[in-house]
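Visitor: I would like a close look at a single part of this protein. Please pick one helix, then work outward from there.

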Amino acid sequence: MKTMTTLALSAALTAGSATAENRIDTIRPDAPQLAGYGELAVGVTTRVFTMTDQIDVANTGAEGDIARADRPLTVEIWYPALENTVLGGSYETVIRDGVTKVMLDGYATRGAVPAAKGSFPLVILSHGYPGNRWLMGWLGENLASKGYVVASIDHTDSTYADQGPFGSTLVNRPWDQRFVIDQMAALDDGIGALVHAEATAVIGYSMGGYGALVYAGAGVTQLATTYEWGAPQGLLQRNMVGTDEHMGLRDNRVKAVVAFGPWGNNAGFWDAAGLSGIHTPLMLIAGSVDDVSQYDAIRGIFDGATGVTRHLLTFEAANHNAGAPMPAPRESYAMSEALGWAPFEHYADAVWDNTRMNNISAHFVTAYLDLHLKGDTEKASYFDLQPNAADGVWAVDENGERGEEHTYWTGFPNRTAAGLRFETKVVE
C-alpha cells in the first residue's frame, strides 16, 4: 500500500511540474517491497562543514614542504519533516562534465521544518571520483522518508566541478566521512535534535566505498602508499594497516557499511591483514562485469573480510554503475566537448535500467539499515535467500498463501528477481 501511495504521489508530481524531466524519486510498479518511500515527509537543506588546517594533498609536490589548508565540505542533508509538509522540490547542479547545468526533481522539500520529535539514525553518503552529493540523492530522500537523517558529502578535490589529483581522494575519504559524522552529531538546531549519531551507517560508491572500507577497519597495504600516481611523500600512510593514525579511525558509532562497487582491491590496496581488520557489518553491491573496480576484486573483499558477517548483492551483466548512480539526466545524453564522450556513460548501464537498480538497492539497503541501526530483527528474513534468484520457486495461490515449495526471494513480486544473486558469509 505504501508503494502504491508513493507511485501515485510521484505521478502527480511529474504531471504537475513543467521541469520534471530528471526525476530521481521514481518507484517502478515492479519494485521490491521495501523500495517505496516511507510514511514520513522529507526536508532537505545544505550545510558547509570546514576541516581546518588539513594536509593539502592537491598542492603538495613529490618533494618539499607539505602544504596545509582548510578543507570545506558541502553537505546535502535529508531529514524527516513535519507531517503537513508539501512534498516535492528541485536541485540545481552540474553533470559529469563539470559545466552543464541541470535541474533534478525529487521528493524532498527545501527548508522544510524538521519533525517536532524523534531520534533517527544517521546515514553518510559518499560519492565516487568524480561525483557530487546528488549522485545518490535518490537514496538520501528515500531513507529520510523511512526515519533516517542522511548527510551526502561533496568531497573537496573530487567533485565534477573541482576534480583534483587522485591522491587527495585516497588520503581524505575516510577522514571526510568521520568529520561529517562529528559535525552532524554536534548540530544544535532542529535537525541536530533528530540525529542519533550513535547509530550511523556509511554508504559509499566506488571511491566512496574505498573510504568506507578504510573507515571500517581495512587499512591499506604499504605498497599502496608508494604508487607514483597516488599520494605524494607517503601521505597515504595515515590509512595504512597497523599505523596509529589508521587505528584512530575506529568508530563504534558506525554500525553498518554499504559499499557499491568499491575501488581499491583491484590495485593492491588491501591484503589479507587489511581486509580481516574490517570490524563493521558489511554489504557489498556490484555488477558482475565491473571493469573499473573489477568484479573479481570486489569478490576478493567479500571473501577476505573474515572478521564480520557480510553480504554481496550482484547485478548480473551490470558494469561499474550497478545500483548507485541516479538515472542519467537528459542533458547527459549529448556528446560533451569537455570530455570527448557523452556523460550519459557516467551514470547508465548498458544492460540494466538505473531506476530498476535504484529500486532494488533501496530495498536491500532499507532492510540492512533497519536491521543494524534500528534493531529490527524481522528484517533479517530479507537476507535469507536462495543465492541465485533464478533458482527460486514461486508457489503462491490465488489467495496469496505460500506453498511449502515457495522459495522465491522475500519481498520480490513474481518474475522480478531475475538477474540477481545474493550471497552471505559469516564470521570465520
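Guide: Start with helix 4, residues 207-215, which is mostly covered: nine of its nine residues are buried. The model is a predicted one. The buried residues of helix 4 are Met207, Gly208, Gly209, Tyr210, Gly211, Ala212, Leu213, Val214 and Tyr215.

Now look at what comes just before. Ser206 sits in the loop between strand 8 (195-205) and helix 4. Its backbone stands out: Ser206 has a positive phi of about 55 degrees, although it is not a glycine. Ser206 has a relative accessibility of 9%, so it counts as buried, the limit being under 20%.

Next, the other end. Helix 4 is followed by Gly217, and the phi of Gly217 is positive as well, near 125 degrees. Gly217 belongs to the loop between helix 4 and helix 5 (244-247). With 10% relative accessibility, Gly217 also counts as buried. Its partners are far along the sequence. Leaving aside neighbours within four places, Gly217 is in contact with His246, Gly274, Gly277, Ile278 and His279. Met103 is in another part of the model: its C-alpha atom is separated from that of Gly217 by 38 Å, with the two positions 114 residues apart along the chain.

What packs on helix 4? Helix 7 is one answer, as the buried residues of helix 7 pack against helix 4. They also pack against helix 6 (272-275), strand 10 (282-287), strand 11 (310-315) and strand 12 (420-425). Helix 7 covers residues 295-304, and seven of its 10 residues are buried, so it is largely enclosed by the rest of the structure. Those buried residues are Tyr295, Ala297, Ile298, Arg299, Ile301, Phe302 and Gly304. Note that Arg299 is on that list.

Step back to the whole protein for context. It has nine helices and 12 strands. Of its 428 residues, 60% count as buried. A compact globule of 428 residues would have a radius of gyration near 22 Å; the protein has 21 Å, which agrees. The C-alpha atoms fill a box of roughly 75 × 50 × 45 Å along the principal axes. Consider contacts with a separation of 6 or more: residues 24 or more positions apart account for 77% of them. The accessible surface comes to about 16,700 Å², and carbon and sulfur atoms hold 50% of that. As for charge, there are 28 positive and 50 negative charges, and their mean positions are 3 Å apart.

A few other sites make useful comparisons. Take Asn354, in helix 9 (residues 354-373). Asn354 is buried, with a relative accessible area of 6%. Its side chain has a polar atom 3.3 Å from the backbone oxygen of Met326. Beyond its neighbours within four places in sequence, Asn354 is in contact with Pro325, Met326, Pro327, Tyr347, Ala348 and Asp349. So Met326 appears in that contact list and in the polar pairing.

Thr100 is placed in the loop between strand 3 (89-94) and strand 4 (101-106). Thr100 is partly exposed, with a relative accessible area of 26%. A polar contact of 2.6 Å joins its side chain to that of Asp97. Leaving aside neighbours within four places, Thr100 is in contact with Thr93, Val94, Ile95 and Glu331. Pro343 is 243 residues from Thr100 along the chain, yet their C-alpha atoms are separated by 10.0 Å.

Two backbone features remain. Asp53, in strand 1 (residues 41-55), has a positive phi of about 50 degrees although it is not a glycine. Asp53 is partly exposed, with a relative accessible area of 46%. Ser206, back at helix 4, has a positive phi too, but Ser206 counts as buried. The other feature is a cis peptide bond between Tyr129 and Pro130, with omega about -10 degrees. Pro130 lies in the loop between strand 6 (120-126) and helix 2 (137-144).

Back to the starting point. Helix 4 has nine of nine residues buried. Ser206 lies in the loop leading from strand 8 to helix 4, and Gly217 follows the helix. The buried residues of helix 7 pack against helix 4.

How values were computed
Residues numbered from 1 in each chain as written. Predicted model: local features only at pLDDT ≥ 70, side-chain atom pairs only at ≥ 80, totals over all residues. Heavy atoms only, no water. Helix = DSSP H or I, 4+ residues; strand = E, 2+ residues; numbered from the N terminus. Rg over C-alpha atoms; globule rule 2.2 N^0.38 Å. Buried < 20%, exposed > 50% of the residue type's maximum accessible area, 1.4 Å probe, protein only. Contact = heavy atoms within 4.5 Å. Areas by Shrake-Rupley, 256 points an atom, 1.4 Å probe, with all protein chains shown as cover. Lys, Arg positive; Asp, Glu negative; His and termini not counted. Charge placed at Lys NZ, Arg CZ, Asp CG, Glu CD. Polar contact = N/O pair within 3.5 Å; in protein donor to acceptor, adjacent residues only side chain to side chain.
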